[in-house]
Amino acid sequence: MFEFGRDLRKLFEKARESDDLGWLELIGADLVAVEAQSLAVDGGRVSCARPFDTWMRASALWREHARRTGRRTSLDRAAAAASDAARHTATPDQTAAAAIEAGEILLLRFDLFGGREKLNAAVANVQALTIDRPTTRSAAAALHARLTARRARLSGEPSAMLDAAALLDAALHGAKGLPPTTGDDLRLDRAALGLEAGVARRDGRLLDQAGRDLRVLVESASPDYRPLTRARALALAGAGLMALARLARDEAATAQGQTLFAAAADQFTPDHSPLDWVAVQLAPAGSDTPLARLNEAEALTREPGLILGALARERRLAAEAALAEAMGDVEALTGLEAIVRRGLADAANAQPLEWAADQIGMAHLALAKARLTATRPRAVGMMLAEAMETAREWGAPALVQRAALLRLEAAKI
């Protein structure tokens, strides 16, 4: 047993020195933070033999911790580590690599908290780089393609989405010399873009490409070694299948989509990657997610301004409104309205996306109350219009879609 443990530790140490950070998927979020802090301490020592590499690795680990937990402090620590790496560059290639890492942090800030200015800043920075080394050039191309895909999805313009897809294709082709995690991220982004554009345009070619990308990811990501990548691919496949099922009104396809979500949730525990777990719980928006699970999702996403936190908040309010309506409890709906209204009254201290979530929540409550009392809801259209505008401005399309669906529902009353 002792020999087995010693050999296992040697393998773990070897993985820590690898450029491929896929091994991080085997450890929980708390241990990722411990590893990141250890590297940051090492990088700050005068005796550190390779400060640039150490700070770059610390930044990547803090970024991974932020990706799983949504902690702003982890993003700030990643940015600080990238800045320290930039101060220890010895070659132009290292300078470019540090700039690319800074761009990755901006991309993650956008994914977690929205804000178009983050994408614009990252695009401007990566376009200004002058790079000689092919591997670093490929890393810059991958980042630029992923940033462009985010901007295209925000615009919703078919031509922009096709251009972004072409950039992702080229970046994936050039990523053979990069760590496998980069290729996985590119495939996930290409699949997400393909599904969105394919459903919107009824384009079978784009949907087929998205399906191939997700199949490759699921087949290559072993649940024993890459559980998070596998879960993300399964969840995205489930979301795509359910979107198509809604268009075709296919109940069997809906059930298959829900099965994929269940499979994604089985890959890891909530403490291993809280945000991945929450994303899986919130993804099947049309299903009856238990209120207790939505409360847990909201508790795990308390970081102010977090997009997933706003989505969890809105879904929880919707579930509470539906429960009170099912019980015919007008008094409960009135009490919930009072609680949400108090939060909206403190607009000066509210995060924009949380404010938008509360506006949509108020619309849920107003519509439920109107159905129970046979009256017309007041100001629901304005609530939803303002929520949609804010969510769109901050780059939260899922929240925009929730408000849009509710507006259609309100039109029927």
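**Exercise 1. Find the accessible surface of the chain and the share that belongs to carbon and sulfur atoms.**

Solution. The accessible surface is about 20200 Å². Carbon and sulfur atoms hold 54% of that surface. The areas come from the Shrake-Rupley method with a 1.4 Å probe; for residues, only the protein chains shown count as cover.

This is a predicted model: local features need pLDDT of at least 70, side-chain atom pairs count only at pLDDT 80 or more, and totals for chains, interfaces and linings use all residues. Residues are numbered from 1 along each chain as its sequence is written, and side-chain values use heavy atoms, with hydrogens and water left out.

**Exercise 2. Describe the helices and strands, then judge how compact the chain is.**

Solution. Step one: the chain has 19 helices and zero strands. Both are DSSP runs, numbered from the N terminus: helices are H or I with at least four residues, strands E with at least two. Step two: the radius of gyration, taken over C-alpha atoms, is 23 Å. The globule rule (2.2 Å times the number of residues to the power 0.38) gives 22 Å for 413 residues. The two values are close, so the chain is as compact as a globular protein of that length. Step three: the C-alpha trace spans about 75 × 50 × 45 Å along its principal axes.

**Exercise 3. What share of the 413 residues is buried, and which residues touch the most other members of the largest nonpolar core?**

Solution. Buried means under 20% relative accessible area, exposed over 50%, and partly exposed in between (1.4 Å probe, protein chains only). By this cut-off 48% of the residues are buried. A nonpolar core is a set of buried Ala, Val, Leu, Ile, Met, Phe, Trp, Tyr and Cys residues joined through side-chain atoms within 4.5 Å. The largest has 88 residues, and Leu-112 and Leu-399 touch the most other members. Helix α17 (residues 352-373) gives the most to this core, with ten residues. Apart from this core lies another, of 16 residues, including Ala-145 and Met-161.

**Exercise 4. Locate Arg-202 and Ala-379, and say whether each is exposed or partly exposed.**

Solution. Start with Arg-202. Its loop runs between α9 (180-201) and α10 (204-220). Its phi is near 55°, a positive value in a residue other than glycine. At 57% relative accessible area, Arg-202 is exposed. Now take Ala-379. This residue sits in the loop between α17 and α18 (380-393). Ala-379 is not a glycine, yet its phi is positive, about 60°. With 48% relative accessibility, Ala-379 counts as partly exposed.
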